[in-house]
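Got your viewer ready? Keep the selection tool handy, and we'll go stop by stop.

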Amino acid sequence: MDRVHDGRLARLLGPVVKAIDAHGGNIYRVAREQHRRPAELCDFSASINPLGPPGRVLRALRNGLWALGHYPDPDAYEVRQALGKQFGLPPDRFLIGNGSAELISLLPGSLKIRRALVVGPTFSEYESAIRRADAVCTYSFAARREDYRPPIERVMMRLEKQRDIEAVFLCNPNSPTGQVVAKRDLLLLTGVLNRYNRWLVIDEAFCEFAPDHSLLDALSRCPRLVILRSCTKFFSIPGLRLGYLVGHPAVLEQVRQHQVPWSVNALAQIAALAALEETGYRDASLRYVEQERRRFVSALRAIPGLHVFPSAANFLLIELPSAMSAGRLSDRLRKSGILVRDCSHVPGLNKRTIRIAVKRRRDNMRLCRALKEILHG
């Protein structure tokens, strides 16, 4: 595996790396409020690979600065070729976007979806995108007593009864719960959707951390299956924004017609090409996250009152003791420079749930110490 920080790269790109390592949904706002630099905060709210960007990516960015003087390739031709080679699919099966968030926002309108079912609790952007397209959003919620395992059987039963549902949105592994749907269950779901000619949108943004659960190899059997993927989380480049949609070429063309020109910048395309060539980094990342997640879960479960849910991803959903709300805990941690994701407003979760990333061991232990102090100090 390439080292992330070698001498010359660290001197050239050190400030860039620090900004990427510290990135999170609200880290810049919190830094301004506390008169700190973003790199001084410990951000558990963004679930990014704790190993940082691969060295190959950093070198490619350094060598690719010439591209700043040119418009980016609007077709992202080389990235699509590289993805096709990696996954054994034709390049026209891929549409590249400015992060998967851009593609999520385009899907409901471009596919003319009027009523969608979201499997929750999950990422809020699906509902936002559906409502922006003037479509109706309904939910099928997982149960807390089942560790929020996605209710695929109930979803299929509902599809049998409600023929006006035109699409199902499912995140796998799911954020923020960390739960994963077995491939056999996904194939059963695609069978039901195929029967009624409905869309299945699967967000696999975190599937690099659970590669055995991807449905990419089922695309040829499911013409209305579209899969969202991301380079942001696994390759630790959220500041560059690159995601992609995988599906039937005619479907992707529908979406592409709604995409703004030059959506994906040149450096993001250069970084993606370098990242897709990584092999040792992938193996090291999977090993590290699996081992450190196990240690982190054990340390968290040793804190009285915390309930840690099972996770197949690089983050954990935690339920706090009855006397502590997620908002109150988040505020206390923020004052000490630690950010977590407050999930109290996620439909289907309660007011005591937070999501935390699996980070480097020293950071994980820092959070454990802070939680002990706040809850039992």
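**A tour of the model**

Start by selecting F296, which is buried at a relative accessible area of 0%. Bear in mind as you go that this is a predicted model.

Now add F44, which is buried too, with a relative accessible area of 0%. How many aromatic pairs does the structure hold? There are 13, and F44 with F296 is one of them: a tilted pair, 6.4 Å centre to centre, with 40° between the planes. F44 sits in the loop between β1 (42-43) and α3 (55-63), while F296 belongs to helix α11 (residues 280-301), so this pair ties together parts that are 252 residues apart in sequence.

Stay with α11 and pick Y281. At 0% relative accessibility, Y281 is buried. Its partner to select is F235, buried as well at 0% relative accessibility. These two rings are stacked, 6.0 Å centre to centre and with 20° between the planes. F235 comes from the loop between β7 (225-230) and β8 (243-246) and Y281 from helix α11, so here the pair ties together parts 46 residues apart in sequence. Before moving on, add F209 and F234 to the selection: ring pairs link F209, F234, F235 and Y281 into a cluster.

**Two helices**

Next, select residues 152-161 and 183-195. These are helices α7 and α8, packed at an angle of about 5° with their axes 10 Å apart. An angle under 35 degrees counts as roughly parallel, so α7 is roughly parallel to α8.

Which residues of α7 meet α8? Show I152, V155, M156, L159 and E160 as sticks; across from them, on α8, show D185, L188, L189, V192, L193 and R195. Sorted by type, the residues of this contact are eight nonpolar, three charged and no polar.

Now colour α7 by burial. I152, V155, M156 and L159 are its buried residues. They span an arc of only 95° around the axis, which means they are on the same side of α7. Turn to the other side of α7 and you'll find E153 and K161 exposed. What do the buried residues of α7 pack against? Switch on β3 (115-120), β4 (136-141) and β5 (167-171), along with α8, and you have the answer.

**Two single residues**

For the next stop, click on L333 in helix α12 (residues 326-335). Is L333 buried or exposed? It is buried, because its relative accessibility is 0% and anything under 20% counts as buried. Leaving out residues up to four places away in sequence, L333 touches I338, V340, L367, A370, L371 and I374. Try a distance label between L333 and I374: their C-alpha atoms are 8.3 Å apart, though the two residues are separated by 41 residues in sequence.

Finish at E102, in helix α5 (residues 99-110). E102 is buried, with a relative accessible area of 15%. Which residues does E102 touch, not counting those up to four places away in sequence? Select G97, Q259, V260 and S263 to see them. One more distance label for the road: E102 and V260 are 158 residues apart in sequence and 10.0 Å apart in space, C-alpha to C-alpha.

Key:
Residues are numbered from 1 along each chain as its sequence is written. This is a predicted model: local features need pLDDT of at least 70, side-chain atom pairs count only at pLDDT 80 or more; totals for chains, interfaces and linings use all residues. Side-chain values use heavy atoms; hydrogens and water are left out. Axes are lines fitted to C-alpha atoms, for helices over the stretch in contact, and angles run from 0 to 180 degrees between N-to-C directions. Helices (H or I, at least four residues) and strands (E, at least two) are DSSP runs, numbered from the N terminus. Angles under 35 degrees count as roughly parallel, over 145 as roughly antiparallel, 65 to 115 as roughly perpendicular and the rest as oblique. Contact means heavy atoms within 4.5 Å. Ala, Val, Leu, Ile, Met, Phe, Trp, Tyr, Cys and Pro count as nonpolar, Asp, Glu, Lys and Arg as charged, and the others, Gly among them, as polar. Buried means under 20% relative accessible area, exposed over 50%, partly exposed in between (1.4 Å probe, protein chains only). The arc is that of the directions from the helix axis to the C-beta atoms. Rings of Phe, Tyr and Trp (its six-membered ring) pair if their centres lie within 6.5 Å; planes under 30 degrees apart count as stacked, over 60 as edge-to-face and the rest as tilted.
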